[in-house]
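This report describes the surroundings of two ligands in a protein model. The sequence and structure are shown first.

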Amino acid sequence: MAEGILLVVSAPSGCGKTTILKKLMTKISNLEFSVSHTTRQPRRGEQDGKDYHFVTEEEFIALRDQQPSGFLEWAEVHGNLYGTSRQAVEEIVATGKDVVLDIDIQGADQVRENANPVTVFISPPTPEELERRLRKRGTETPEDIDSRLANAESEMAAASRYRYLIINDELEQAVRDLQAIVVAERRRQNTAQVKRSVLKD
Ligand code: ADP
Ligand code: 5GP
């Protein structure tokens, strides 16, 4: 049996990653989003357990410092802690589904060390458009927006470490691009599999 895909998607904040991933999930089956833990406050409309597990710093640190750690990876991003729960990922893998991680560039580096993820970087068409989207979303204070824009520059510099790059200019095209990547990765096969399934020794 082919191994499942671990899809890692990163992007500067406000680029449209959450919007793209939500649309992707309605188009592709057997793919499940791993709900991260975070110490940041919920935004309007965000649900605990669905968008994130919203926890206190004490709860986060207790999970992080378990042996083995409760997190497959974790990072401090824009002044808050974020982590991928080991248990959440294992539960999805046990169902045979592919897993999607929406994590920052530090988290992606950690996952690359221990697994062979399919990595996708989503870029805004221009820095000006990124700023326009962040301000229009209106979920952060002006100071938080400035911090996210400042981080965007160094995040963009990490794009070359990802297997795929998608420019989120026209939303539906970006969703189609990500869908095409998942489908293509599901069709990949290694030599051993070819021998087993086609040549039968
Ligand atoms: P992220 O998860 O990357 O922080 P969001 O998905 O919250 O970003 O998107 C930020 C804002 O940009 C939202 O208001 C969203 O509706 C908008 N947006 C996303 N993609 C596009 C696009 N291709 N064109 C215009 N606006 C977009
Ligand atoms: P936001 O606060 O806008 O939801 O997310 C901020 C950043 O944190 C985004 O780059 C997002 O991908 C990242 N992030 C969300 N969950 C995790 C996680 O579990 N681990 C890491 N390393 N980053 C995360």
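## Polar contacts of ligand 2

In this predicted model, an N or O atom in the side chain of Arg148 lies 3.0 Å from an oxygen atom of ligand 2. The side chain of Tyr82 also places an N or O atom 2.5 Å from an oxygen atom of this ligand. From the backbone, a polar atom of Gly83 is 3.1 Å from an oxygen atom of ligand 2. Of the 510 Å² of accessible area that ligand 2 has on its own, the protein covers 95%.

## The shell around ligand 2

Ligand 2 is surrounded by 19 residues, of which Lys17, Ser36, Arg40, Tyr52 and Tyr82 are the closest. By class, the shell comprises 6 nonpolar, 6 polar and 7 charged residues. The space that ligand 2 takes is the largest pocket.

## Polar contacts of ligand 1

A polar side-chain atom of Thr18 is found 2.4 Å from an oxygen atom of ligand 1. Two backbone contacts may be added: a polar backbone atom of Cys15 is 3.3 Å from an oxygen atom of the ligand, and a backbone N or O atom of Leu171 is 3.3 Å from a nitrogen atom of ligand 1. On its own, ligand 1 has 570 Å² of accessible area, of which the protein covers 79%.

## The shell around ligand 1

There are 13 residues around ligand 1, and Gly14, Lys17, Thr18, Thr19 and Arg137 come nearest. The shell holds 3 nonpolar, 6 polar and 4 charged residues. Helices α1 (17–27) and α5 (127–137) each contribute at least two residues; α1 gives the most, with 3 residues. Ligand 1 sits in the largest pocket.

Methods:
Residues are numbered from 1 along each chain as its sequence is written. Chains are lettered from A and ligands numbered from 1 in the order in which they are written. This is a predicted model: local features need pLDDT of at least 70, side-chain atom pairs count only at pLDDT 80 or more; totals for chains, interfaces and linings use all residues. Side-chain values use heavy atoms; hydrogens and water are left out. A residue is near a molecule or strand if one of its heavy atoms lies within 4 Å of it. A polar contact is a pair of N or O atoms within 3.5 Å; within protein, one must be able to donate a hydrogen and the other to accept it, and residues adjacent in sequence count only if both atoms are side-chain atoms. Accessible areas come from the Shrake-Rupley method with a 1.4 Å probe; for residues, only the protein chains shown count as cover. On a 1 Å grid over the protein atoms alone, a cavity is a set of points where a 1.4 Å probe fits but cannot get out, and a pocket is an open set with protein on both sides within 12 Å along at least five of seven lines; lining residues have an atom within 4 Å of a point. A molecule sits in a cavity or pocket if more than half of its atoms lie within 2 Å of its grid points. Helices (H or I, at least four residues) and strands (E, at least two) are DSSP runs, numbered from the N terminus. Ala, Val, Leu, Ile, Met, Phe, Trp, Tyr, Cys and Pro count as nonpolar, Asp, Glu, Lys and Arg as charged, and the others, Gly among them, as polar.
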